[in-house]
Amino acid sequence: HAMAASAYALLASAAAEEGAGEAQWLRLRRAFEEEPLVCLPGGGGGSGARAARWLRSKACMWHDIPSDIEIDIVGLEAHFGASLKDFFVEVLGVPEIDVAEAGARLAAVATGTAAAASEGGQQPLGAAYCSLARLLVEDNDAAAHGPPHRGRLQTSTKEALRSALGKAIWLPGAAAALGAEVCCFLAANSRGGCAPMVAGRHNLGAHFEGPELHHFFVDFLGVACELCPAEGLEALRALRDGPQHLDAGQIKSTASAIFVALARACGTRAADAEDLREVLAEEALLPVPSPQTPFTSSSTNIRWLLASSVVWEDVPASVEAQRASLAAYFHEELRSFFVEHMHVDEIDAAEVRARLGLLTEACRGCPGEATEEALLGGYRQVERFCRGEELRRPRGARGRGVLFGGLGELGTVLLPGGRGLVPMDRCAFLQGGDTAGLAALVGVEDVGAAFPELRHCFLDCMGLRDSLTAEECLAALRSLRDRSSTASESTKIEQLAASAYALFGGAVGRSPRLVDVSITFEEEPLIFVPDAASGSLAGGRWFLSTDCMWHDRPFSESERAVASLERRWPIALRETFIEVLGVRAWKAAEVASRLDALFWSEGDVSLFAKAYAQIYHAYRERKLVGIQFHDPELLKELRDRVFVPGLGFKPHDECIWREPPAAKASVGLSLGHRRNDLSQVYGMLEDSEVVEDLREYFIDWLGVRNTLTTEECLEALRQVKASKGALHEEVRPLYLELARVLGQQRPGPAEGEPNIDAVAKAFREDNLICIPTVDGKAGRWLSSDECIWKLPDMVPEGWSSVRVALAPCFGDQDVAFDDDAVASLRAFFTQRLGVPLSVHFAEERKGVEIVALPEGQPYWLFLPTDGKKMVPLSQESMAPKPRARREMVGGASYGSPAEGQEATLDGASALPPQVAAALATSGREQEDEELHSEQLVSDGADGGPPGGDERHPKSDKEPLGAAGADDDDDVGGGANAAASTPEPALAWRADFGGSGGRDAT
């Protein structure tokens, strides 16, 4: 045999070589068909060994399935390696498996005419079918059962086997084969035990077990595994009403298999589930054993019940009150079928309560270890169900929460340690290591200490309370207060008091008789304050709530008159002490006393900075929680204690936190004797986070100003104006500061501050607008009536300006401050002081409609062109003669020339180029004519410059409209200017000779 196998290997190699023609294959195949050239080894050994057998290829097949049996055809797989399969199958034409031989072998095993080995617990016929299943089943899961696949068959071979085996299915001991159409495969989840006939079909599940054979018969041979509702009901009725030749175990297994088959059908057809549900609600077709009796060999203890008489869960187990449980007798995979499809209750609170009641009565009537353990086991089963339901079901699913609150009528709870059954009104499920001792002080049993793992059972299902009442907490605190608070007892008292305070949060809201517990703590010393000595507790004292405050800030080693709780109790109790027990977050007198003590101890700036930062951190934590930080007394004490080095405490209104650019405006501004600049004290600390905290503490909470007042700014401007050799850069920050302050005001009077109109009047009457000289000094001081923000680009031919343009001196850029405020000098001069934005020229005045302006809006000057040609503005025509400047506005003067400077055109050369151009001269007659013909776009009462007609007693003012605050970027004259100005640059309604009319905005 070995020599022949080597020859076969050489022939296989030769056949696989390139150039081997089909004719050679045919000759080789014909030779093996006509001559016995297939060598099989003989059996036995020694002197009894048989000689090798020689067979023709027609008497062979490759697979030896079922094995150990040989009828007419011999399997070669067991005698040759897998490397020779292609040679025998592809070259010699040996079939992979002979269909007739396979059927004959199965018949021989079934009828017992041939002996076959069992495998994996399967009887011989099952083992034979398993060997076929491993070879034939296409499902990938089949690879997980038994030995690996020995190779896939060709499609034609599979179809031939499917047809032949489907027509001849053998059962153990059967005299004839059955067709697949008269069989079904219904298997229980337990081993065997199913009825051999179900709904008139032969049940293969009664003879063959395991998923491997289930796949083979159902997926390969097409045996049915489902029952329609009519077939399933017929099978159940047959089990219930048929001859009692089945024992109870077989009834259970068969019913389980039927329900599994019905579950598959209901999962795909909802109508079938509805029909089946109606029948089970009206007809007793659910088999369960008698109470407290397992399934036995006798069928007489089987009860057939309606769906309304059963529940799924068996909680507590081993006892039954009114409804039987299915979970004790059927597999878990049927839960969904019964609960979701058949609408069997998953659990019934009344049944669970009744079962626990039976166990409780057993404990009461016959106390002992067995009955107590049965009741405690019931508690644990309820807990397991609640936890499993949380994990198993999504929130809101059907059946969730059935037990919640449903066991509250039991009345008693069994406690271990010989305590027996305790009334539920004397029980509580407290949580925490120290609550058990607290409950014992007021005669309450802490179930949570005995059964910490049964939270759901006692809290959710039985409804035990999880806290003491407010009255019980007060009683416990009074009991602790009456104890001696020695060092040995202080630790225990502190732990129990902490538990009592923690329970107050939930207890107060549940007590209908206690209106305000904080009143009790004001009248009785019930707040325990442990004493600290050398880092260890050395006793403690009891205080009224009025003698305590929560925060220990500013921190002090020795308290003055009030005990601080922050460093003595955990942060979790903060809200309870403040919101429930009425302890103040801070006591104003204590805070003031601690700051005073720090002052008298000669503390430096860093210590006060730390104290203020501590106070502010607590303020920031609490400002959105309670209202105590709005206490006027506390705020007054803090405002009166702003520490300034060398001066002591100063009121907050004598201090300022100056920020750029205000901090730069120092020359000519003597305010040191009035207010103290805190930014020069606390703003110089190294820690930037502390500096920012202190800035917010002083400015946002205490109300320390971070800007100068308008009166200070005006006074500073007057000082700079009166000084000799002042720089223009000293003035600009003051303008920005005024712009910032006025930007925070609304028009009208403000408490303690001049209003916007008063500031505008000061600029108009005191000539406080500074025009710089070429060397950067404060050269000339003008009234707001003598200025314009920006001159137009296009003007009538021969026209010259009578006002000085400010934009070249101050620019259009906004300035940002450290506190996110933004100041614009353009808005300050035009909106606050009434300086016109620019000039608008029109050909005629017809059609002009007067439009009243809102308060604080900038305006334009309106002038007719008198038919003159519009030309670009030239350097020579931008300003009047110097002598005209002294007489141009109702006798008001621009200001006297600088010392040694003549009021002539030559004098303008001492100014910067843009200012010199603005002051260029023209004829006085033309100046007077322009002045008298000037038409204001808005009057003083409705948004124009304050002062009304006093500014221009001879001018005829005609309000036309307003320009936006940032609409003067491109200022032109006449029609061209109007056309090029961005919307809404001008606001008027008029027909200006071809330039078109625009609606006022």
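The following exercises, each with a worked solution, concern a predicted model of one protein chain.

**Exercise 1. The chain as a whole**

Determine how many helices and strands the chain has, and what share of its residues is buried.

*Solution.* Begin with the secondary structure, which comes to 33 helices and 34 strands. Next, take the residues: of the 1001 in the chain, 50% are buried. Then consider the surface, where the chain exposes about 44700 Å². Carbon and sulfur atoms supply 51% of that area. Finally, turn to the contacts with a separation of 6 or more: residues 24 or more positions apart account for 64% of them.

**Exercise 2. The span and sides of helix 10**

Establish whether the span of helix 10 agrees or disagrees with the expected value, and find which of its residues are buried.

*Solution.* Step one concerns the span. Helix 10 covers residues 270–282, and its 13 residues should span 18 Å at 1.5 Å a residue. The end C-alpha atoms are 19 Å apart, which agrees.

Step two concerns burial. Asp272, Ala273, Leu276, Arg277 and Leu280 are the buried residues of helix 10. Because these residues cover an arc of only 130° around the axis, they lie on the same side of helix 10. The spacing fits a general rule: an α-helix has 3.6 residues a turn, so residues three or four places apart point the same way.

Step three concerns the surroundings. The cover over the buried residues includes helix 8 (229–241), helix 9 (248–268), strand 8 (286–289) and helix 11 (335–341). On the other side of helix 10, Ala271 and Glu282 are exposed.

**Exercise 3. Two buried residues**

Explain why aspartate 272 counts as buried, and identify the side chain that serine 564 meets in a polar contact.

*Solution.* Aspartate 272 lies in helix 10. Its relative accessible area is 13%, and buried means under 20%; therefore aspartate 272 counts as buried. Apart from neighbours within four places in sequence, aspartate 272 is in contact with Pro229, Ala265 and Cys266.

Serine 564 belongs to strand 19 (residues 563–564) and is buried, at 0% relative accessibility. Its side chain is joined to that of arginine 594 by a polar contact of 2.8 Å. With neighbours within four places in sequence left aside, the contacts of serine 564 are Met549, Trp550, His551, Asp552, Glu559 and Arg594.

**Exercise 4. A glycine in a loop**

Decide whether glycine 417 is buried or exposed, and locate it in the chain.

*Solution.* Glycine 417 sits in the loop between strand 12 (412–415) and strand 13 (420–423). The relative accessible area of glycine 417 is 79%; exposed means over 50%, so glycine 417 is exposed. Glycine 417 and alanine 450 are 33 residues apart in sequence, with their C-alpha atoms 9.3 Å apart in space.

Note on methods
Residues are numbered from 1 along each chain as its sequence is written. This is a predicted model: local features need pLDDT of at least 70, side-chain atom pairs count only at pLDDT 80 or more; totals for chains, interfaces and linings use all residues. Side-chain values use heavy atoms; hydrogens and water are left out. Helices (H or I, at least four residues) and strands (E, at least two) are DSSP runs, numbered from the N terminus. The expected span of a helix is 1.5 Å times one less than its number of residues. Buried means under 20% relative accessible area, exposed over 50%, partly exposed in between (1.4 Å probe, protein chains only). The arc is that of the directions from the helix axis to the C-beta atoms. Contact means heavy atoms within 4.5 Å. Accessible areas come from the Shrake-Rupley method with a 1.4 Å probe; for residues, only the protein chains shown count as cover. A polar contact is a pair of N or O atoms within 3.5 Å; within protein, one must be able to donate a hydrogen and the other to accept it, and residues adjacent in sequence count only if both atoms are side-chain atoms.
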